[in-house]
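Reader: Before I rely on any of the labels attached to this fold, I would like to go through them with you one at a time. Could you show me the structure, and then set each label against the rule behind it?

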Amino acid sequence: MSEFLLGDGRGERRRKRRVAALLGTALITSACNLIEPNVPPDRLPRYEPDKVHPRVALVLGSGGPRGFAHIGVLKALEDEGIHPDLIVGSSVGAMVGALYAAGYDARSLERMAYDINLFDFLEVSMIWGGPASGRAVQAYVNKAVGGRTIEQLKTRFAAVATRLPDRKLVIFNRGDIGLAVRASGASPGEFQVVKFGGQQYIDGDEASPVPIHVARMLGARVVIAVDVSAFAGDTPPNVPQEWIDKDARRARQVRAEAPEADVMIHPDIGYYAGHDDEYRRRVIGIAERFAREEMPKVKAAIARADAGGAQALSARTPEADTSR
C-alpha cells in the first residue's frame with residue numbers, strides 16, 4: 001500500500017508537470033495568434049463577376065466539425081472522375097472548399113483532417129471561455145494554400161458570409177483566402193465579428209447554410225449540394241432549446257434553396273458532433289458511402305446538362321452587396 005501511495009504521489013506530480021507543459025504550449029501558441037494579419041487593400045476579399053460560367057458547381061454547407069463529412073463526399077466524386085468547375089462554401093464548407101480548390105485531392109484532405117492539431121487553433125480568449133478571433137484559421141488556410149489569393153486557385157471558388165448589421169449574404173471570389181474563410185466561419189458566440197474594408201461579417205451559416213442559390217447566380221449548369229446538418233428526427237430529448245431553434249432555422253433555409261440543386265447529398269452522420277480521431281474517421285466513412293449511393297443521380301444530372309448543350313446562362317449579379 002505504501003508503494004502504491006508513493007507511486008501515486010509521483011504520478012500526480014508528473015501529471016501536474018504535463019498539464020503545466022501543455023498549458024504553456026497552449027499559451028505560446030495562442031500568443032502567436034494574437035497578431036492581426038496585415039492584409040493590404042488590394043488583397044481584401046471581394047466579389048467580381050466572372051465571364052465564364054461553370055459547368056458543374058459543388059456547394060459545401062456549414063456544420064463545424066460535421067464538415068469532416070465533406071471529405072467523404074469529395075472522395076466519392078473523385079473516384080467517379082467528377083471534378084467541379086466551381087466550389088461554393090459556407091462556414092466549414094468554405095474551409096474545406098478552399099483547400100480542395102487549391103489543389104489538394106480528397107485523400108490529401110483526409111490525411112490533413114487526421115493530422116490537425118487543435119492546439120494550432122487555440123487562442124488566449126478561448127482558454128477563459130471567450131470567443132476566438134479566427135486569426136488562427138486565417139493563418140492555417142493561407143499557409144496551406146501557399147499564400148495564394150482566391151483568383152489564383154486551381155478551381156474557381158467562392159465563400160459566403162453574412163454582413164452586419166443588415167444580415168445580407170455576401171460573396172467573396174477574389175482576394176485573401178484565409179480572411180474570406182475566417183469571415184465565412186465566424187459563428188456568433190464562438191468567434192468574434194470579422195472586420196475589414198469598413199464592414200463587419202459573421203458566419204455564412206446565418207444567411208445561407210448551403211448556398212445553392214449562389215452557385216446558380218454564378219452561372220452553374222449543374223449544382224451538387226452537400227448538407228451535413230443533423231436530421232430533425234435524430235434530435236435527442238432534453239437538448240437545449242437554443243440548439244433546436246438553430247437546427248430548425250437552418251432546415252428552413254436549406255429547404256428554401258434545395259429546389260435549385262440538381263442533387264442534394266445529405267448523409268446521416270448523427271446528431272452530436274465531435275473532434276477526436278474516431279469521430280473524424282466515422283463521419284468521413286459514412287459520408288463517402290452515402291455519396292457513392294448518390295452517384296447515379298449526379299451522373300444523370302451532368303448527362304442531362306451536357307445533352308442540353310453548352311448554352312450560356314445569363315449570370316445575375318447576386319442580390320447581396322457582393323463587393324463588400
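Author: Let us begin with a strand pairing, keeping in mind that this is a predicted model. Strand β1 and strand β2 (residues 86-90) run parallel to one another and are joined over 4 bridges, and within that pairing L58 stands opposite I87 of β2.

Reader: What makes β1 and β2 a pair?

Author: The rule asks for at least two bridges between two strands, and β1 and β2 have 4, so they count as paired. By the same rule β1 also pairs with strand β7 (residues 222-226), again in the parallel sense, here over 5 bridges, and L60 stands opposite V226 in β7. Joined with helix α2 (residues 69-79), β1 and β2 make a β-α-β unit that is right-handed.

Reader: Why is β1 called mostly covered?

Author: Buried means a relative accessible area under 20%, and in β1 (residues 56-60) 5 of its 5 residues are buried. V56, L58 and L60 point one way, whereas A57 and V59 point the other way, and all of them are buried. In a regular strand, side chains alternate between the two faces of the sheet.

Reader: How do you know that W243 and Y272 form an edge-to-face pair?

Author: Ring centres must lie within 6.5 Å, and planes over 60 degrees apart count as edge-to-face; W243 and Y272 have centres 6.5 Å apart and planes at 75°, so both conditions are met. W243 belongs to helix α9 (residues 241-257) and Y272 to the loop between β8 (263-265) and α10 (277-307), so the pair ties together parts 29 residues apart in sequence. The rings of Y271 and Y272 also pair, with centres 5.2 Å apart and planes at 90°, which is edge-to-face as well. By this rule the model has 6 aromatic pairs.

Reader: Which of W243, Y272 and Y271 are buried, and which are partly exposed?

Author: W243, with a relative accessible area of 40%, is partly exposed, and Y272, at 48%, is partly exposed too, since that class runs from 20% to 50%. Y271, at 13%, falls under the 20% limit and is therefore buried.

Reader: What makes you say that the charged end of R281 sits over the ring of Y114?

Author: The distance limit to the ring centre is 6 Å, and the charged end of R281 is 3.9 Å from the centre of the Y114 ring. The rule also sets an angle limit of 35 degrees from the ring normal, and the contact is listed as meeting the rule as a whole, with the charge over the ring.

Reader: Which residues have the most contacts inside the largest nonpolar core?

Author: They are F157 and F172, in a core of 67 residues, to which α10 gives the largest share, 11 residues. Leaving aside neighbours within four places in sequence, F172 is in contact with residues including P45, I150, F157, A180, F196 and Y201, and ring pairs link F172, F196 and Y201 into a cluster. A second, separate core of 20 residues includes V88, M217, A220 and V223. Nonpolar side chains in soluble globular proteins tend to be buried together.

Reader: Why is A102 called buried, although A102 is found in a loop?

Author: The label rests on accessible area: A102 is at 7%, under the 20% limit, and so counts as buried. The loop in question lies between α3 (92-101) and α4 (106-115). Beyond its neighbours within four places in sequence, A102 is in contact with V145, R148, L153 and K154.

Key:
Residues are numbered from 1 along each chain as its sequence is written. This is a predicted model: local features need pLDDT of at least 70, side-chain atom pairs count only at pLDDT 80 or more; totals for chains, interfaces and linings use all residues. Side-chain values use heavy atoms; hydrogens and water are left out. Rings of Phe, Tyr and Trp (its six-membered ring) pair if their centres lie within 6.5 Å; planes under 30 degrees apart count as stacked, over 60 as edge-to-face and the rest as tilted. Buried means under 20% relative accessible area, exposed over 50%, partly exposed in between (1.4 Å probe, protein chains only). A crossover is right-handed if, with the strands pointing away from the viewer, the path from the first strand over the helix to the second runs clockwise. A nonpolar core is a set of buried Ala, Val, Leu, Ile, Met, Phe, Trp, Tyr and Cys residues joined through side-chain atoms within 4.5 Å. Contact means heavy atoms within 4.5 Å.
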